[in-house]
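Work through the exercises below with the sequence and the model side by side. Try each task before reading its solution.

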Amino acid sequence: PLFRSIISGIGDVDGWNERIGKGWDTLVSNVANGYGNMPAQGGAASEEEIRAAIEWMIETETGLEIPEG
């Protein structure tokens, strides 16, 4: 399932602040292509689905928002 490998750290506001600072392109690319211990998810979802899932997880679990651009 999409994002299973990062769910354990989803409430880590400081960690997500750092990730958010890298921007949408990096966030989506890391999920689609894999990053560290997280396997690639690009075949499991479209870029739009990945972006929506990232946004939902971050905003719901941390209260943070990802700026556009």
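The exercises go from the overall fold to single residues and a charged patch.

This is a predicted model, in which local features need pLDDT of at least 70 and side-chain atom pairs count only at pLDDT 80 or more, while totals for chains, interfaces and linings use all residues. Residues are numbered from 1 along each chain as its sequence is written, and side-chain values use heavy atoms, with hydrogens and water left out.

**Exercise 1. Describe the overall fold and its surface.**

Step 1. Assign the elements: helices are DSSP runs of H or I with at least four residues, strands are runs of E with at least two, and numbering starts at the N terminus. The protein has three helices and zero strands, so the order from the N terminus reads α-α-α.

Step 2. Sort residues by relative accessible area: buried is under 20%, exposed is over 50%, and partly exposed is in between (1.4 Å probe, protein chains only). Of the 69 residues, 30% count as buried.

Step 3. Take the accessible surface, computed by the Shrake-Rupley method with a 1.4 Å probe; for residues, only the protein chains shown count as cover. The surface comes to about 4,400 Å², and 47% of that belongs to carbon and sulfur atoms.

Step 4. Look at contacts, meaning heavy atoms within 4.5 Å. Among contacts with a separation of 6 or more, 56% are between residues 24 or more positions apart.

**Exercise 2. Place Pro-67 and find what it touches.**

Step 1. Pro-67 lies in the segment after α3.

Step 2. Pro-67 counts as exposed because its relative accessibility is 52%.

Step 3. Leaving aside residues up to four places away in sequence, Pro-67 touches Ile-20 and Trp-24.

Step 4. The C-alpha atoms of Pro-67 and Gly-23 are 7.7 Å apart, although 44 residues separate the two along the chain.

**Exercise 3. Locate two residues of helix α3 and relate each to a residue elsewhere in the chain.**

Step 1. Thr-60 lies in helix α3. Its relative accessible area is 44%, so Thr-60 is partly exposed.

Step 2. From Thr-60 to Gly-11 the C-alpha distance is 9.3 Å, with their positions 49 residues apart in sequence.

Step 3. Ala-52 is also found in helix α3, and at 43% relative accessibility Ala-52 counts as partly exposed.

Step 4. Ala-52 and Val-28 are 24 residues apart along the chain, and their C-alpha atoms are separated by 9.9 Å.

**Exercise 4. Which residues gather in the patch of negative charge on the surface?**

Step 1. Set the rule: patch residues have over 30% relative accessible area and no salt bridge, and like charges are joined within 9 Å. A salt bridge is a side-chain nitrogen of Lys or Arg within 4 Å of a carboxyl oxygen of Asp or Glu. Asp and Glu count as negative, with the charge placed at CG of Asp or CD of Glu.

Step 2. The members are Asp-25, Glu-47, Glu-48 and Glu-49.

Step 3. Helix α3 (residues 47–62) gives the most to this patch, with three residues. Asp-25 sits in helix α2 (residues 24–33).

Step 4. Asp-25 counts as exposed because its relative accessibility is 69%. Asp-25 and Arg-51 are 26 residues apart in sequence, with their C-alpha atoms 9.4 Å apart in space.

Notes:
Patches are made of residues with over 30% relative accessible area and no salt bridge: like charges are joined within 9 Å, nonpolar side chains (Val, Leu, Ile, Met, Phe, Trp, Tyr) within 5 Å.
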